[in-house]
Amino acid sequence: MNALIDDLLTLSRVSKVANPYEPVDIQELIESVKKRLHTDIEQSNALITIQEPLPTIHCDGIKMAEVFINLIGNAIKYSSKNPGDQPRVNVGISEQDGQYEFFVKDNGIGIGIDPQHHQQIFDMFKRLHSQNQYEGTGAGLYNVKTIVEEHGGNIWVESRLGQGSTFYFTIPENLKS
């Protein structure tokens with residue numbers, strides 16, 4: 001119940017709070033995200049690899065941190081179930097037609113996502129697994145989608161069962177508040 005309340009509060013902040021858009025060093029932002037996820041990283045012995053250099057972009061830094069916390073946290077959570085396997089998460093970027101295209105990829109230790117569910121996972125409170133299998137309320141990816149769209153971008157996933165997942169999202173290079 002506490003997790004549900006926390007996720008509803010996050011959703012409320014995402015949809016109602018308008019933080020200023022300012023230059024945000026994504027490299028520094030991800031380092032701060034790694035500090036916030038330190039316990040999960042340590043417990044799962046996850047290796048987080050960050051492509052360098054990442055750009056400084058004009059965005060809402062608080063909300064963009066939520067995007068990376070959710071995507072990196074999910075990559076750890078859903079790829080750390082097999083004993084002895086080390087979860088690996090890669091975070092990177094490419095520039096595509098005036099857009100920054102970020103990605104968060106896990107190494108496929110986990111379950112992957114059946115292509116028939118690729119759109120559904122971004123729906124409010126959509127869960128593909130029971131609470132006994134994986135913790136969470138199903139609000140995280142909805143929040144991520146809301147933030148990315150608020151920034152003028154798109155989000156999608158490429159994944160197959162048993163092969164892990166790569167989440168992509170775009171943010172326009174010339175974004176203004």
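Which residue in β7 is the bridge partner of Ile155? It is Phe169, and the points below, written about a predicted model, set that pairing in its surroundings.

1. Overall make-up. The secondary structure of the protein chain comes to five helices and seven strands, and, read from the N terminus, the elements follow the order α-β-α-α-β-β-α-β-β-α-β-β. Of the 177 residues in the chain, 45% count as buried, while the chain exposes about 9500 Å², with carbon and sulfur atoms supplying 47% of that area. Among contacts between residues at least 6 apart in sequence, 71% join residues at least 24 apart.

2. The sheet. Five strands form an open sheet in the order β2-β4-β5-β7-β6, and their pairing is mixed. At the edges stand β2 (47-50) and β6 (155-159), each of which pairs on one side only. Ignoring direction, neighbouring strands of this sheet are turned against each other by 20° on average. As background for a first reading, strands of a sheet pair through backbone hydrogen bonds, either parallel or antiparallel.

3. The pairing of β6 and β7. Strand β7 covers residues 165-172, and five bridges join it to β6, the two strands running antiparallel. Besides the pairing of Ile155 with Phe169, one can look for Ser159, which stands opposite Ser165 in β7.

4. The two faces of β6. The covered face of this strand carries Ile155, Val157 and Ser159, whereas Trp156 and Glu158 belong to the uncovered one. It helps to remember that in a regular strand the side chains alternate between the two faces of the sheet.

5. Helix α5. This helix, residues 140-150, lies across β6 and β7 and runs at about 25° to β7. Which residues of α5 are buried? They are Gly140, Leu141, Asn143, Val144, Ile147 and Val148. These residues cover an arc of only 155° around the axis, and therefore they are on the same side of α5. The general background is that an α-helix has 3.6 residues a turn, so residues three or four places apart point the same way. Just after α5, Gly152 takes a positive phi of about 80°.

6. Aromatic rings. The structure holds six aromatic pairs. One of them is formed by Phe68 and Phe102, which meet edge-to-face at 5.7 Å centre to centre, with 85° between the planes. This pair links distant parts of the chain, since Phe68 belongs to helix α4 (residues 61-78) and Phe102 to strand β5 (residues 99-106), 34 residues apart. Both Phe68 and Phe102 are buried. Phe102 also pairs with Tyr100, and here the arrangement is tilted, at 6.3 Å centre to centre and 45° between the planes; Tyr100, like Phe102, is buried. Phe68, Tyr100, Phe102 and Phe169 form one aromatic cluster, and Phe169 is the residue already met as the bridge partner of Ile155.

7. Backbone details worth checking. As a general guide, most residues other than glycine have a negative phi, and most peptide bonds are trans. Where, then, is Asn45, whose place in the chain is a loop? Asn45 lies between α3 (38-44) and β2, and its phi is near 55°, a positive value in a residue other than glycine. Asp97, found in the loop between β4 and β5, has a positive phi of about 45° although it is not a glycine. Is Asp97 buried or exposed? With a relative accessibility of 81%, Asp97 counts as exposed, because the cut-off for that class is over 50%. A cis peptide bond joins Glu52 and Pro53, with omega at about -10°, and Pro53 is found in the loop between β2 and β3 (56-59).

8. The loop at Gln86. Gln86 has its place in the loop between α4 and β4 (88-96). Its relative accessible area is 26%, and therefore Gln86 counts as partly exposed, a class that lies between the limits of 20% and 50%. Although Gln86 and Ile76 are 10 residues apart along the chain, their C-alpha atoms are separated by 9.7 Å.

Conventions: Residues numbered from 1 in each chain as written. Predicted model: local features only at pLDDT ≥ 70, side-chain atom pairs only at ≥ 80, totals over all residues. Heavy atoms only, no water. Phe/Tyr/Trp six-rings, centres within 6.5 Å; stacked < 30°, edge-to-face > 60°. Helix = DSSP H or I, 4+ residues; strand = E, 2+ residues; numbered from the N terminus. Buried < 20%, exposed > 50% of the residue type's maximum accessible area, 1.4 Å probe, protein only. Pairing = 2+ DSSP bridges. Axes fitted to C-alpha atoms, helices over the stretch in contact; angles between N-to-C directions. Contact = heavy atoms within 4.5 Å. Areas by Shrake-Rupley, 256 points an atom, 1.4 Å probe, with all protein chains shown as cover. Arc of directions from axis to C-beta.
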